[in-house]
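Student: I have a structure to read today. Can we go through the words people use for it, and what backs them up?

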Amino acid sequence: MLNHQSAAARPSHAGMVNIIREGQLDLDRLATLLQKPALFEPGEPLFWDDPYISAQMLKAHLDPNWDAASRKPETIDRSVEWLCQQMALTPGKRLLDLACGPGLYSSRFARRNLKVVGIDYSRRSIEYAKQRAQEEGLSIEYIYRDLVEINYSEQFDAAVFIYGDFCTLSDTGRDKLLGRLNRALAPGGFFAFDVMTPPFSGSQDYVTGWDAAKEGFWRPEPYLELQQNAKYPDDIYLKRHVIIEGNGTVADYRLWNRLFDLENLQKLLRKYDFEIHSAWNDLTGTHYNPASDWLAVLARKE
């Protein structure tokens, strides 16, 4: 059973500041906080592991009627079926599931008798995935780790990185991952992933907004949320959520996204000895249309 923790029980966040000084609101400090961040400048370091927020994330992943965190079960079923066909994933093959979350894909691959390793940077999701695998009698190795720190040598026949998480990596993290992923795959191994394309947010400009909540996704108690969407060069976007609690504590959550088209994705992959085997609009095999918001590729280690 997963338990929520109160604000008092949450660990302190290294990036948090307080905008109340000597009993008054420090507007100058608040204005400084709301300036547009430098490219890929990180926000709160404990975002995915915050006890309360991670519980909300898990709830979203497991909601079968909402696809904001994970795609709906029927889509996941179709994706696993299609990926197994396209990558010739027969029983005994070895699969690496990057950003596996609560194991929605990993468990389905394991039921097809694949040898699955799932990696995620949310303790709550990993613990849930382990518990479910044990209950179902599935032999899956789940690891809590920053996925860019993987360290394998030709141990996998295929890897998947599903639902646009590739877009969230900084350039440094992305390049590090591709280099390590190339080492992790056996010769001829597949890398299947999907990304958002320029049509997804190409017209989004710099905007701000705010909302007040008695409780919500970010906190179990009242808070003020300042929202900021910012556009950067090279199709990079920031979705920012600045959370202000009643005591003046401020937390800054930043979601970075880089959008890709087929041409620049192919150039990037070739730098790390991957060649695009086929391109689609999603990981269920929808025919490729350059005007689509999404692009899915099956890349192969040369």
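Tutor: Start with a definition: a residue is buried when its relative accessible area is under 20%. Keep in mind that this is a predicted model.

Student: What makes helix α4 (residues 104-111) mostly covered?

Tutor: Seven of its eight residues are buried. Each of those seven falls under the 20% limit, so the word "buried" applies. They are Leu-104, Tyr-105, Ser-106, Ser-107, Arg-108, Phe-109 and Ala-110.

Student: What covers the buried residues of α4?

Tutor: The cover includes α2 (51-62), α3 (73-86), β4, β5, β6 (140-144) and β7. After α4 comes Asn-113, with a positive phi near 65 degrees.

Student: Why is α2 called oblique to α5?

Tutor: α2 and helix α5 (residues 123-136) pack at about 50 degrees, and their axes are 8 Å apart. Roughly parallel needs an angle under 35 degrees, and roughly perpendicular runs from 65 to 115. The angle fits neither range, so α2 is oblique to α5.

Student: Which residues make the contact?

Tutor: α2 gives Pro-51, Ser-54, Ala-55, Leu-58, His-61 and Leu-62, while α5 gives Arg-124, Ser-125 and Tyr-128. They divide into five nonpolar, three polar and one charged. Arg counts as charged, so Arg-124 is the charged one.

Student: Which residues touch the most other members of the largest nonpolar core?

Tutor: Leu-96, Phe-166 and Phe-191 do, in a core of 37 residues. β8 gives the largest share, five residues.

Definitions and conventions:
Residues numbered from 1 in each chain as written. Predicted model: local features only at pLDDT ≥ 70, side-chain atom pairs only at ≥ 80, totals over all residues. Heavy atoms only, no water. Core = buried A, V, L, I, M, F, W, Y, C linked by side-chain atoms within 4.5 Å. Buried < 20%, exposed > 50% of the residue type's maximum accessible area, 1.4 Å probe, protein only. Helix = DSSP H or I, 4+ residues; strand = E, 2+ residues; numbered from the N terminus. Contact = heavy atoms within 4.5 Å. Axes fitted to C-alpha atoms, helices over the stretch in contact; angles between N-to-C directions. Parallel < 35°, antiparallel > 145°, perpendicular 65-115°, else oblique.
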